[in-house]
Amino acid sequence: MALRSEVLALYSRLLRLARNWQSINPAETIVEREYIRDETRELFRKNAKLSSPEEITQCIKEAEARLTMAEHYRNPYPRPVNLPKRSYSKKEGKKIGKAIQKFNEQSRPVYIRSTDDAVGKSG
């Protein structure tokens, strides 16, 4: 039950952030508030059926990371991922080796995990 209360507290915290959000550009405040609220609802509903404590903990870490970054950078959108050099081969159509796939997975930050489904990449 500890995870349940942690998830509910995080959900409340995110919705509170959406209500009180002030954008750097005042004209964008309403759009960004709606984005935070809609993204929160969508991801929490999508993950409502998770039962594995490991998966739930991973989702909590992602939400906390995104929340911290939004508060710090005053930008509610996920930050772009900068993968290290050598993570992609230059030859088009070249099969990606297991080592490079592993390297790419380890390089992906936790806050970007939920966007994998949106772009057709499953982690």
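The largest nonpolar core of this predicted model has 11 residues: L10, L14, L17, A18, W21, I36, I56, I60, A63, L67 and A70. Two helices, α1 (2-20) and α3 (53-73), each supply at least two residues of this core. Helix α3 gives the largest share, 5 residues. In soluble globular proteins, nonpolar side chains tend to be buried together. One member of the core, L10, can serve as a point of entry. Apart from neighbours within four places in sequence, L10 is in contact with F44, I60, A63, E64 and L67. Of these partners, I60, A63 and L67 are themselves listed in the core.

The overall layout can be set around that core. The protein contains 5 helices and 0 strands, and its pattern along the sequence reads α-α-α-α-α. It has 123 residues, of which 26% count as buried. Its accessible surface comes to about 9,200 Å², with 53% of that area belonging to carbon and sulfur atoms. Among contacts with a separation of 6 or more, 64% are between residues 24 or more positions apart. A single pair illustrates how positions far apart in sequence can be brought together in space: P53 and L3 are separated by 50 residues in sequence, yet their C-alpha atoms are 7.7 Å apart. P53 lies in helix α3. With a relative accessibility of 44%, P53 counts as partly exposed, because the partly exposed class runs between 20% and 50%.

Charged side chains come next. The whole structure holds 4 salt bridges. One of them joins R66 and E39, with an N to O distance of 3.2 Å. This pair links distant parts of the chain, since R66 is in helix α3 and E39 is in helix α2, 27 residues apart. Both R66 and E39 are buried. R66 has a further partner in E62, and here the closest N and O atoms are 3.8 Å apart. That distance still qualifies because the limit for a salt bridge is 4 Å. E62 and R66 both belong to helix α3 and are 4 residues apart, about one turn of the helix. E62 is buried, as is R66. Through shared partners, the salt bridges join E39, E62 and R66 into one network.

Another salt bridge pairs R37 with D38, whose closest N and O atoms are 3.2 Å apart. For this pair the accessibility values are higher than the burial cut-off of 20%: R37 has 30% relative accessibility and therefore counts as partly exposed, and D38, at 39%, also counts as partly exposed.

E32 presents another case among the charged residues. E32 is found in helix α2 (residues 29-46). It is buried yet has no salt bridge. Why does E32 have no salt bridge? The nearest side chain of opposite charge, R74, is 6.8 Å away, and a salt bridge requires a nitrogen within 4 Å of a carboxyl oxygen, so R74 does not qualify as a partner. What the side chain of E32 does make is a polar contact of 3.1 Å with the side chain of S23. Leaving aside neighbours within four places in sequence, E32 is in contact with W21, S23, P76 and Y77. Of these, W21 is also a member of the largest nonpolar core.

The two residues named alongside E32, S23 and R74, are both in loops. S23 is found in the loop between α1 and α2. At 12% relative accessibility, S23 falls under the 20% limit and so counts as buried. Not counting residues up to four places away in sequence, S23 touches E28, T29 and E32.

R74 is placed in the loop between α3 and α4 (98-107). At 29% relative accessibility, R74 counts as partly exposed. Its backbone also deserves a look: phi of R74 is near 55°, a positive value in a residue other than glycine. Most residues other than glycine have a negative phi.

Conventions
Residues are numbered from 1 along each chain as its sequence is written. This is a predicted model: local features need pLDDT of at least 70, side-chain atom pairs count only at pLDDT 80 or more; totals for chains, interfaces and linings use all residues. Side-chain values use heavy atoms; hydrogens and water are left out. Buried means under 20% relative accessible area, exposed over 50%, partly exposed in between (1.4 Å probe, protein chains only). Lys and Arg count as positive and Asp and Glu as negative; His and the chain ends are not counted. A polar contact is a pair of N or O atoms within 3.5 Å; within protein, one must be able to donate a hydrogen and the other to accept it, and residues adjacent in sequence count only if both atoms are side-chain atoms. Contact means heavy atoms within 4.5 Å. A nonpolar core is a set of buried Ala, Val, Leu, Ile, Met, Phe, Trp, Tyr and Cys residues joined through side-chain atoms within 4.5 Å. Accessible areas come from the Shrake-Rupley method with a 1.4 Å probe; for residues, only the protein chains shown count as cover.
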